[in-house]
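Here's a quick walk through one protein chain, starting with the fold and ending with its charged pairs. Have the model open while you read.

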Amino acid sequence: MKRIAIDMDEVIADTLNTHVEWYNRDYQDELTLAELHGRSLLDARPNAREAIESYYAREDFFRQIKVMPHSQQVLQELSHHYAIYITTAAMEVPASFRAKYEWLLEHFDFLDEMNFVFCGDKSIIRADYMVDDNVKQLQAFQGKGVLFTAPRNVHETRYVRVDNWLEARDWFMAELERADERMENAREEGQSSNQTPCSTASISVEESAT
């Protein structure tokens, strides 16, 4: 069974949308996701760095992040065909450790908690696929990277891209079909190559007898 490593923030956890909502509520701003097209929160509000980054130290923020639409049902379906690992760069935000773990237990209780990986540099991850919104993590990954669309990565063109979890499900299910086709083609080629020497040998024997 092939492995899929899946990021949390902005992939299965709708971190950015939650972040914008909390920031607007607490600081009476009207920041929209449209303003973040191709850039980060800090790029959009460079003078509000302290306010924006304050949420990274709040455990309650990470505990209450919304779930990305369709991620639960799709991961449950894919878990019947792939080994699913949740891989999050939690080392960058130490306050998120416990909250992220509890969040996963609550919203993705069908996954094996032994497959929750809290790390920093994801180049250590050994899987066949990685779904991530962060291009830096995909660059270091040795398997096949799948870019999950987020406002900041909309201009990236180097990876397979999925815009949502329904698209991700279709892509990974199609990948299973492609793998089956490759195996069938290899089997047919193997049978063909095995038959060729036998035919040649038979011809040689017949010619010798004549």
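A word on terms: helices here are DSSP runs of H or I with at least four residues, strands are E runs of at least two, and both are numbered from the N terminus. With that in hand, this predicted model has 8 helices and 6 strands. Starting at the N terminus, the order is β-α-α-α-α-α-β-α-β-β-α-β-β-α.

**Overall shape**

How does the radius of gyration sit against that of a compact globule of 210 residues? The protein comes in at 24 Å, while such a globule would be near 17 Å. Along the principal axes, the C-alpha atoms take up a box of roughly 100 × 35 × 30 Å. Helix α8 spans residues 165-209.

Of the 210 residues, 40% are buried. Take the contacts with a separation of 6 or more: 63% of them are between residues 24 or more positions apart. The accessible surface is about 11,800 Å², and carbon and sulfur atoms account for 49% of that.

**Charges and salt bridges**

On the charge side, there are 38 negative side chains and 22 positive ones, with the centres of the two sets 5 Å apart. Opposite charges on side chains can pair up when the charged atoms get close. The whole structure holds 17 salt bridges. Here are three of them, with N to O distances:

| Pair | N to O distance | Separation along the chain |
|---|---|---|
| Arg63 and Glu106 | 2.7 Å | 43 residues |
| Glu77 and Arg169 | 3.9 Å | 92 residues |
| Arg152 and Asp133 | 2.8 Å | 19 residues |

Where do these partners sit? Arg63 belongs to helix α4 (residues 59-63) and Glu106 to helix α6 (residues 97-107), so their bridge links distant parts of the chain. Arg63 is partly exposed at 26% relative accessibility, and Glu106 is also partly exposed, at 46%.

Glu77 lies in helix α5 (residues 71-78), and its partner Arg169 is in helix α8. Both ends are partly exposed: Glu77 has a relative accessible area of 30%, and Arg169 has 23%.

The third pair joins two loops. Arg152 is in the one between β5 (144-148) and β6 (160-162), and Asp133 is in the one between β4 (129-132) and α7 (135-140). Is Asp133 buried or exposed? Its relative accessible area is 2%, so Asp133 counts as buried, whereas Arg152 is partly exposed at 41%.

Finally, there's a network to look for: Asp7, Lys122 and Asp132 are joined by salt bridges that share partners.

Methods. Residues are numbered from 1 along each chain as its sequence is written. This is a predicted model: local features need pLDDT of at least 70, side-chain atom pairs count only at pLDDT 80 or more; totals for chains, interfaces and linings use all residues. Side-chain values use heavy atoms; hydrogens and water are left out. The radius of gyration is taken over C-alpha atoms; the globule rule is 2.2 Å times the number of residues to the power 0.38. Buried means under 20% relative accessible area, exposed over 50%, partly exposed in between (1.4 Å probe, protein chains only). Contact means heavy atoms within 4.5 Å. Accessible areas come from the Shrake-Rupley method with a 1.4 Å probe; for residues, only the protein chains shown count as cover. Lys and Arg count as positive and Asp and Glu as negative; His and the chain ends are not counted. The place of a charge is taken as NZ of Lys, CZ of Arg, CG of Asp or CD of Glu. A salt bridge is a side-chain nitrogen of Lys or Arg within 4 Å of a carboxyl oxygen of Asp or Glu.
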